Every structure is written in C-alpha cells, then in structure tokens.
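Got a minute to go through the labels people put on a model like this? Let's take them one at a time.

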Amino acid sequence: MSNCSSKVIVALDYLDGESALVLVDELEPSLCRLKVGKELFTREGPPIVSDLIRRGFDVFLDLKFHDIPNTVVKAIAAVADMGVWMTNVHTSGGRRMMEAAREEIDRKGSKIILIGVTILTSIDQSVLCEIGMQKNLIDQVRNLSALAEISGLDGVVCSALEGPILRKERKDGFVLVTPGIRLSNSPRDDQQRVVTPIDAIENGSDFIVIGRPVTQSATPAATLRDIVRSIV
Ligand code: C5P
C-alpha cells in the first residue's frame with residue numbers, strides 16, 4: 001500500500017487502458033487513489049491493475065461481487081492476490097456470503113479493505129419500488145450497513161446523503177465510501193443521490209468516488225486538483 005492520505009478515489013471509467021493511462025500519467029499517487037471498475041477491468045484484466053500498483057497507486061477494484069458464497073470466496077481470493085487496496089461485494093448477497101469473503105481474506109493474511117455496496121447511488125425510491133423493495137430507501141441502506149458490520153466487513157458504499165445517519169449508527173472506524181459525487185455545475189448523468197465533494201466529507205465520507213466530473217472534463221488533472229484542494 002502507498003502512504004497516500006487522499007480521500008479522493010478517481011473512477012477510471014475508460015474504454016481501454018491506453019485512454020486511462022493518459023490521465024494517470026498526469027497524476028501522482030499522493031493526490032488520489034484509483035478505482036478500476038467493470039468497464040476497464042473487463043477490457044484489460046489484471047495487467048492494468050498491476051500497472052497502476054507498480055506506479056505507486058492504491059487501487060480499489062470495484063467488481064461488486066454478488067454470487068453464491070463459494071464463488072465469491074474464490075473471486076475474492078484472486079483479488080487479494082493482486083495486491084489491491086480495496087474491493088467490494090454486494091451486501092444483498094447476504095450474511096453468509098459476506099462472512100465467507102471476510103474469512104477468506106483473514107485466512108490469507110491479506111490487509112485488503114473489504115466493503116459492501118448497499119443501494120447503488122443511481123437508484124432512488126421509485127426504482128427500489130420497481131424491483132419489489134417497498135421499504136424506505138434510507139432504512140434499507142441502514143439495514144444493509146448493519147448487516148455488513150455484523151458480517152465483518154470494513155465498511156460500505158452508500159450515498160453521502162446517508163453519511164450522517166450511518167456515522168451515528170455504525171462503529172467507529174466503519175469506512176464510508178461515497179460515489180454519486182457531483183460538482184455544483186456538473187450534470188447528474190445516471191446518478192440520482194448526488195452530493196458535492198465538500199458536503200460529502202462534511203457528511204462523514206471517508207472516501208469520495210468521482211468519475212465523469214473528472215474524466216469528462218476538458219482538463220481532467222486540473223479538475224481533480226481543484227476537487228482535492230476543495231476538501232482539505
Ligand atoms: O462517473 P461517476 O462519478 O458517476 O462514477 C461513479 C463510479 O462509482 C462508477 O464507476 C460507478 O460504477 C461507481 N459506483 C457508483 N455507485 C455505487 C457503487 C459504485 O456509482 N453504489
């Protein structure tokens with residue numbers, strides 16, 4: 001792991017590694033951490049992750065595993081072997097799945113941070129109802145976060161809108177990772193539960209995940225530096 005203390009995780013959501021590295025070439029590992037998600041990983045696989053680690057960056061491998069416990073355990077073992085800093089599973093995979101992932105990480109003596117996705121930031125109450133979950137969205141995030149903690153996860157992915165309540169309810173040190181970050185002048189895109197960088201930090205986020213406001217900017221590295229400066 002690096003000595004990075006930045007609370008900013010840049011989502012490297014690019015079509016291929018070459019495009020991602022154009023931005024990465026302009027960044028230092030002390031400025032931010034990097035997230036590799038399904039888009040880039042499906043195209044480039046483990047070599048892009050190794051490359052970023054070799055360059056000194058902390059990498060969050062965001063594959064959001066959601067499967068039977070045995071399958072998730074095997075996938076988590078492979079991720080831990082890659083030497084990434086953080087990874088995740090879906091909390092809706094249930095307690096047994098999350099506990100099994102935790103046990104595998106501990107068995108391997110890995111220090112990887114394991115977090116659980118609660119309700120995606122692209123989902124609002126109407127979408128939740130559409131998929132048959134009648135419960136209030138905030139209560140569902142609270143329930144899934146409690147389940148993640150009981151199951152031994154290090155924290156959750158949620159919207160920064162839920163930060164204050166989770167900070168109060170969850171144990172000290174429970175990690176809150178919040179995507180759905182938008183600058184006051186940036187489009188929401190497909191995100192629903194959005195918060196500005198500074199409000200997210202004030203709401204208790206440990207790490208903010210930011211993609212398109214940086215990657216679609218005409219000057220991505222400069223935009224990122226402004227964001228980092230705005231939250232210190
Ligand atoms: O471009 P944008 O800032 O919306 O990117 C957000 C990133 O965070 C994407 O890579 C997305 O997959 C990820 N993410 C999310 N909501 C979650 C978990 C991850 O938006 N709950």
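Below are some questions about the ligand site and an aromatic pair in this predicted model.

Q: What makes the contact between the ligand and the side chain of aspartate 13 a polar contact?
A: An oxygen atom of the ligand is 2.7 Å from an N or O atom of that aspartate 13 side chain. The cut-off is 3.5 Å for a pair of N or O atoms, so this one counts.

Q: Which ligand atoms pair up with the side chains of threonine 121 and glutamine 191?
A: For threonine 121 it's a nitrogen atom of the ligand, 2.9 Å from a side-chain N or O atom. For glutamine 191 it's an oxygen atom of the ligand, at 2.9 Å. Both distances fall within 3.5 Å, so both are polar contacts. As for cover, the ligand taken alone exposes 460 Å², and the protein buries 88% of that.

Q: Why is the pair of tryptophan 85 and phenylalanine 207 called edge-to-face?
A: The ring centres are 5.1 Å apart, and the planes make an angle of 85°. Centres have to lie within 6.5 Å to pair, and planes over 60 degrees apart count as edge-to-face, so the name fits.

Q: What does the pair tie together?
A: Tryptophan 85 sits in the loop between helix H4 and strand E4, while phenylalanine 207 belongs to strand E8, so the pair links parts 122 residues apart in sequence. Strand E8 also supplies at least two residues of the shell around the ligand.

Terms used. Residues are numbered from 1 along each chain as its sequence is written. This is a predicted model: local features need pLDDT of at least 70, side-chain atom pairs count only at pLDDT 80 or more; totals for chains, interfaces and linings use all residues. Side-chain values use heavy atoms; hydrogens and water are left out. A polar contact is a pair of N or O atoms within 3.5 Å; within protein, one must be able to donate a hydrogen and the other to accept it, and residues adjacent in sequence count only if both atoms are side-chain atoms. Accessible areas come from the Shrake-Rupley method with a 1.4 Å probe; for residues, only the protein chains shown count as cover. Helices (H or I, at least four residues) and strands (E, at least two) are DSSP runs, numbered from the N terminus. Rings of Phe, Tyr and Trp (its six-membered ring) pair if their centres lie within 6.5 Å; planes under 30 degrees apart count as stacked, over 60 as edge-to-face and the rest as tilted.
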